[in-house]
Amino acid sequence: MTLTRTCAAVLLAAFAGAAAVVLVTQTQIHAQAQNPAAPTPAQIPTPSRPQPPAAPTTNRSLIFLDPAHGGADSGATLGDHILEKDVTLAFATRLRSALTSAGFTVVTTRDADPSDPLTPDQRAETANRSHAAACIVLHATAVGSGVHVYTSTLEPALPEDADSSSAYVPVPWETAQASFVDQSRSLADILKTALAKASLPALTGQAPLRPLDNLMCPAVAVEIAPNAGTAAPANDSDYQQHIAFALTTALQKWRDQLAPAPASPASPVGPPQ
Amino acid sequence: MIPRYQRILFWCLAIASLLMALFLIHGCEQTREKLTRHRDQTPLAAPVETPSQTVRLALANDADGSITLVERQIALPAEPTARARALLARLIAEYSYKDSAHPLESGPAIDDVFLLDLPLPSSIAAKDKAAAPESDIAPDAADTPSAYSAAPHMPGGQLAVINLRGTFADHHPSSIESETLTIQSIVGTLFANFPRIEQVRFLVDGQPRDTLNGHAGLARTYQAVNTATAQGTAQ
């Protein structure tokens, strides 16, 4: 008896579901007949253009450090048995400590001297995936004096139209930095000002240096040269510490200046940070 | 009293010495005539008096990272490629002076300069594109006009290919500033003296090279622009 009732209930539910499907389908057909111009998925082909990627959110407390050279690429020779790759690594360690103390998260391309270092393209890939607030490429030299801060030689990219903002535009690898050149130059000015306040001679300019052009973040190259005023070489620990503190102060100011990332239609709107 | 046989021997030796001296003098005369005759047959180019002219050099300064245009009076050949090569050789020579603001080692730096009319022939452009760095994000990146354009901005535009010597590149001071200033100095000097040159590319010992000496990139096409940041005085 119970089995018979259950079967009857199932059959009744199936019949009701089928009737509902038929009713909805007839309603759609009727509406389509009344308004032929109304778009339907069957009439508009699926766009073959890839959807725009979600706008990456910059982490305002994330700094990317790239101690240049490494492995067989020793860079310049700064003195007797002093190699640029060792000086940049030592300075990166000092700068990372100072930045971490100031509340930054730091991503570096190397913490030691690997036998198989990253190529410039691989360094740029690491930086672009980090979505850092600032990307800093570190170099050292025995030529010149003070601290040299360089940005890319690319011309700033033209602002996009509002209509094309939703279109997916491929980013050329060789000119990826073009969209960030203005920010990079602002960052360089802040770094130069902070270095000057710390009584460190600083120089800004533009240089055709890899991987600056491939970075999708505000990016600068910082080259440490001997301090002509104090005769301190680039590998002097006190000199490096002085520079590290000045750069940290500048990056704190840079972090404060960065506005929260604007909400994008392609990206979900989250709670304010 | 000298014995007779000794006198005979003496005169014989004296005559032999005289004959040997005459033979030697004769041989020297013949050799000199032979050399003179050979030298006379060597074709000699007629001497051409090239007047000095005013050129502008974009000189770099390491102290402030500036490029200053200065004028010099020098004699240059008329043929454009030889003229460009001589001009750049003079530019690099300026940096080997003792009081140079951008010191470089002395020695030959420029092997050749080639001036190619733009747009490049399709075969050369295809090779150039194939040699472009691969793109991970967008494969069409090599088509970006700023990087590998072969189209001139004006009719008659030229691409200058500077073939540097490997010894010059290897011994160049290794730093971002120094290498960048050297490239800007070369590009600025070409721009100031060769209005048809629109783009500049670099080779080292005839081969493409990533950097000059570890920093400034050489694997790109530089637009010939005014790189000077200041105007100097004539000397």
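**A conversation about chain A and its sheet**

Modeller: The buried residues of helix α3(A) are A:P120, A:R123, A:A124, A:A127, A:N128 and A:S130. These residues cover an arc of only 160° around the axis, which puts them on the same side of α3(A). Please keep in mind that this is a predicted model.

Colleague: Thanks! What do the buried residues of α3(A) pack against?

Modeller: They pack against β1, β4 and β5 of chain A. Just after this helix, A:H131 takes a positive phi of about 50°.

Colleague: What makes a residue "buried" here?

Modeller: At least 20 other C-beta atoms must lie within 10 Å of its own. By that test, buried residues make up 40% of the 273 residues in chain A.

Colleague: Why is β5(A) described as largely enclosed?

Modeller: Nine of the nine residues of β5(A) pass as buried, so the rest of the structure largely encloses this strand.

Colleague: Which strands make up the sheet, and in what order?

Modeller: Six strands of chain A form an open sheet, in the order β4-β1-β5-β8-β6-β7, and the pairing is mixed.

Colleague: Why are β4 and β7 of chain A called edge strands?

Modeller: Strands β4 (105–108) and β7 (202–206) of chain A each pair on one side only. As for the twist, neighbouring strands of this sheet are turned by 25° against each other on average, direction ignored.

Colleague: How do you know that the pairing is mixed?

Modeller: Pairing takes at least two bridges, and there are examples of both senses. β1(A) and β5(A) are parallel, with six bridges between them; here A:D66 stands opposite A:V137 in β5(A). Another six bridges join β5(A) to β8(A), which also run parallel, and there A:H139 faces A:E223 in β8(A). By contrast, β6 (residues 147–151) and β8 (residues 219–224) of chain A pair in the antiparallel sense over four bridges. In β8(A), A:V222 stands opposite A:V149.

Colleague: Which strands does helix α2 of chain A touch as it packs on the sheet?

Modeller: Helix α2 (residues 84–101) touches β1 (59–67), β4, β5 (132–140) and β8 of chain A, and its direction makes about 145° with that of β5(A). Helix α3 (residues 120–130) of chain A packs on the sheet too, touching β1, β4 and β5, with its direction at about 170° to that of β1(A).

Colleague: How many helices and strands does chain A have?

Modeller: There are five helices and eight strands. Along the sequence, the pattern reads α-β-β-β-α-β-α-β-β-α-β-β-α.

Colleague: How do you know that the span of helix α6 of chain B agrees with its 18 residues?

Modeller: At 1.5 Å a residue, α6(B) (residues 176–193) should span 26 Å, and its end C-alpha atoms are 26 Å apart, so the two agree. This helix is also mostly covered, with 17 of its 18 residues buried.

Colleague: Where in chain A is the pLDDT below 50?

Modeller: One such stretch is residues 18–53 of chain A, which has ten contacts in the model beyond near neighbours in sequence. Another is residues 261–273 of chain A, where pLDDT stays under 50 and the model has twelve contacts beyond four places in sequence. For chain A, the mean pLDDT is 79, and 71% of residues reach 70 or more. Where pLDDT is low, the predicted coordinates should not be read in detail.

Terms used:
Residues numbered from 1 in each chain as written. Chains lettered and ligands numbered in written order. Predicted model: local features only at pLDDT ≥ 70, side-chain atom pairs only at ≥ 80, totals over all residues. Helix = DSSP H or I, 4+ residues; strand = E, 2+ residues; numbered from the N terminus. Axes fitted to C-alpha atoms, helices over the stretch in contact; angles between N-to-C directions. Contact = placed C-beta atoms within 7 Å. Expected span 1.5 Å × (residues − 1). Buried ≥ 20, exposed ≤ 12 C-beta atoms within 10 Å, placed from the backbone. Arc of directions from axis to C-beta. pLDDT = per-residue confidence, 0-100.
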